[in-house]
Structure formats: C-alpha cells, structure tokens
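Here's a protein chain to go through together. Let's ask what stands behind each label.

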Amino acid sequence: MKTVIAAALGECVHVAGVMNFLRLAEAAGWRTVFLGPATPIGEVLMAAQREAATLVGVSYRLTPETGAQLLGEFAEAADDLAQTGVRFAFAGTPPVAMLAQSLGFFERVFDGSEGDEQVLAYLKGQTLTQPSASDYPQTMVARRQWKAPFPLIRHHFGLPSMEATEAGIAQIAEAGVLDVISLGIDQDAQEHFFHPERQDVRRMGAGGVPVRSIEDYQRLYAASRRGNYPLMRTYSGTDDFIELAEMYVQSINIAWCAIPLFWFNAMDGRGPWDLEGSIREHQAVMRWYGTRGIPVELNEPHHWGMRDAPDTVVVASAYLAAYHARAAGVGDYIAQLMFNSPPGHSDVMDLAKMLAILAMIEPLASPTFRIWKETRTGLLSYPLDPTAARSHLATSVYLQMALHPDIVHVVGYSEADHAATAEDVIESCGLARRSIASALRGQPDMAADRHVQARVAELVSETSMLLEAIGTIAGADVDDPLLNPATLARAVQIGLLDAPHLRNNRFAPGKVRTQIINGACIAVNTVGQPIDERSRIQMLIG
C-alpha cells in the first residue's frame, strides 16, 4: 500500500484541509500519516524517509510573504528526496498557491477552488493535465466505478435551437461539472423523427432542441468532446423505437436507454400507441438494449407520482419496471428514484417510499442483473423564488444521499421559471456537488429512523397485495401476469393502477382519490378518510 504523509508547514496551525486530503487519500486506498500543525521542515522530511512515503502533502494558509520564503526553503531541502522519486503536493490559499506553483517543485498545487472529486482523482493517479476522451471512461458502469465513492452527476439540457444547445453543451463540458448530459429533444423529434410529413413547424423547439437528422445528433455529441468528456443520453422516443435506438448508438454513443412501461403513448398524449401496444413496444426496446449490453432505466414510478398516485401504486410500478427489465435480459438496470413527487411529501415519508422501492426490487438482483440507484429532485417541487429553489435543490440532494446513489440526476433550480441554460446547469451541479461532498464526509443514518422503517414495512406489505391482485385478473392461459401487456393494461383499466390525474382518460378510470396525510400520499374515500390497500382492492375486484 502506498503511503502519503501530510502536515501544516512551519508556523501554520490550520489543518482542516490537511485532514480532508488524508480522508480522501484513505478512500483512494492510501496509507496515511498525519504529522499535525506547525510542523518544521526537517520533521516533515524525516517522517517521509521513516514512513517510506510515496507522496508528501504540505499546507500553508498564512501570509504570502512568509509563505514564499518557507516554501523556497522546503523545496531546496526536499530536493534530494524528490530526486529519489518521492512526490510532493501543496495546498493553501490562492495567493500562496500561486507562489508554490511558481517554484516548479510541487507535482500538484491546490488553491481551495477544487472540489473533493478533483482531489480524489489526483490521489487515484488521474492527473488529467491535458485530458482526452481516453482519460474519462465512456460507459456508465466504468465511469461510476472510476469516480467512486462519488456518484455520477447527470443533468437534462436542451434549448429551443440547435445553435444554442450546441454552444451550451460545449460550455457545460468545459466546466467539468457533470458526467452525463441528458439531451432534451422536442416533442416532434420524439414522435415524428422519421416522419417529416407529420412534423409541425409551429411546434419546433417545443420541449427541447429540434433535432431533425442524424447529423444534428452528431453535432451535439461533438460539442461534448472536450472538458471532462461527459456521456450523453436522450429520450427513447414515442414511436419507431428500434430505429431511434440504432441511431442513438451510432450518433451519440448513448450511455443508457430510458423508457417507461405504461407511458409515452396515447394515455398521456405523448405518442400514437395505445396502452397495451406501447407496453409491447417498450418490452422490445428493453430487449434490444439488453442484448447489446447497454444499461436500461425505466423512468416509470415518478410518472405515477407526478400524477398524485397513491404511494403504493408508485412502489408497485417501480417493482414492475425492474421485473420487466430483468425479464428482457437487461444486465445493468438503473432504478430511478424521484423524490418530492408529489411535492407535499415529508422527508420522512419520501425517504420511506424510496426505501420501500429498493426493498421490493433488490431481491431481483443477481450477477446477471445489476441494479444501479439513480436519485433526483421532483420536477414539480421547485418554488418559483430562485433563492428558495436553490435551497430546495441542495436539501433534496442531501436527503437523496441517504440512499447512497450511483447517479444523482440534478434538476436545475430554475425549472419553475424556465428550462435550464448552460449557466443554470453549471450552478445547479455546483450546489448538488456540495451537498454530495458534505454527505460523503459523514451523514447521519436517516434510513434508520423508526418512522421511516414503519412506513417502509407498510408499503412493502401493501405493494405485495397490489401485485398479487394484478395476478388474479389475468386469463388462465397467461404464464406470468406481471409481464403480460394485456393484463397490465387491464390493471390500469379497472383502477388497480390509477392516479387522480387520469380522470376522463379512455385508458384509465382516474377515480382514485389521494391526499397528503402525515406526509404520505394516501388513497382516501369521498370524505377524505384513508383507505387501506386491501379495502381499495376489494372495492375494485371483490
């Protein structure tokens, strides 16, 4: 094991930065030795020899004038060790760091502007002084493993013109603040990409960037080939699914597929397929990606949550999503966990719902079906006031870290007012990264709260009842009701899977009523009294 020693040099007594450096070194697999505050030059060098140090880190946070002389003396005294291969790094305030840099002695100089991720990358040997695509893993799984213990950062981005989106992607990539750009494309591109005769010029740019050719996608991907070379992914579309998938692989090296199970069809007005037909199409898309070893995310449960469905329905849909992905041969499954949806949830009940989802799906995991956790802030939960929105983003991400996510999907704080610009994306990712770093330094175990665990147990029990009820409505010739599109469409039709926002929908009754009670989204009767899941099921199917 390599050894790093570190100290505050000379008369400097400020060691918080030194301790954080050593904490990150331990996470990167180093043996660490802390020499303390106000350490004389000779003592640092003797310790380096005694401990057979590979790396020596020194810090100085006092006045630049005294620091300049001290660092010059240190560099001269340490030169013999440097000639034997011992490496040296420095950290201090920006003025002192500038002086340290000018000496040309230190391998790396930190001025405090770097995040924990950059320090950790250095300690892992990822110097990235002149980065290229080969320095940054270009698959989701490899990049997650490379970046650990930090989660991948993802953000949605797409403006109403190609030119603005292209320039914004380049700006975001150069900033190095995220790992995955989720390309937001307009509705016509999602539904009518291969049918220009069906496109409406008046809708161009509605909901995202108006990509109209494979060359457009290639231009946007090329704009990301700089900075920290982020991965790219986009919507799976609402028609011509396989043709789109083939183009995405070819044009943007799509990081993973994201597709719902019950949505993006005539039921929600976002596509031409009926409910049963779209379920079959989505199953085929999962199989297509699965056979090619490309990860798959089912962005399913939050669609129910955004429509005020009972928490039990949300958890059941999350289970069905993972169950379908496994059956389709997906090897790497991304479980999306949207907090604050609906916005009235308390943190206790929100966390409990997500833990219930994980409790339901984790037994499905195996060496051939790996589950990766992706958390995000609720799209509809942001306040309009920008100061309050920034606070909401930071606190939501901190709560999400209780799940130890592999991916954090940052939702720009500006969403209540406007689609995120490149500047909004960069700032929002900065807010999220600070919350993530704080949590990784040592977060209380919020999942252990007894109220959280009680709600988890309740949701797991109710969800099991609901899934069992879906099985009872299948025909006698159905091998697996939970995979059968006709059975699932029937479950929606009769209201086993239902949401208040589906009222007057030709595919669903929309009769379920819900209220936020004690922080949870609960099914209620006509006078607002809670209905347990067993009673709700009996009212629907006896």
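Q: What makes up the exposed area of the chain?
A: Accessible areas here come from the Shrake-Rupley method with a 1.4 Å probe. By that method the chain exposes about 21600 Å², with carbon and sulfur atoms supplying 52% of it. Mind that this is a predicted model: local features need pLDDT of at least 70, side-chain atom pairs count only at pLDDT 80 or more, and totals for chains, interfaces and linings use all residues. Residues are numbered from 1 along each chain as its sequence is written, and side-chain values use heavy atoms, leaving out hydrogens and water.

Q: How do you know that the radius of gyration agrees with a compact globule?
A: Take the C-alpha atoms and the globule rule, 2.2 Å times the number of residues to the power 0.38. For 542 residues that rule gives a value near 24 Å, and the chain has 26 Å, so the two agree.

Q: How many of the residues count as buried?
A: Buried means under 20% relative accessible area (1.4 Å probe, protein chains only). Of the 542 residues, 57% count as buried.

Q: Why are β8 and β9 said to stand at the edges?
A: Two strands pair if DSSP finds at least two bridges between them, strands being DSSP runs of E with at least two residues. The open sheet has eight strands, ordered β8-β7-β6-β13-β12-β11-β10-β9, with parallel pairing. β8 (231-234) and β9 (257-258) each have a single partner strand, so one side of each lacks a neighbour in the sheet.

Q: What makes β6 and β7 a pair?
A: β6 (residues 152-157) and β7 (residues 180-183) share four bridges in the parallel sense. One of the bridge partners is I181 in β7, matched with H155.

Conventions
Buried < 20%, exposed > 50% of the residue type's maximum accessible area, 1.4 Å probe, protein only.
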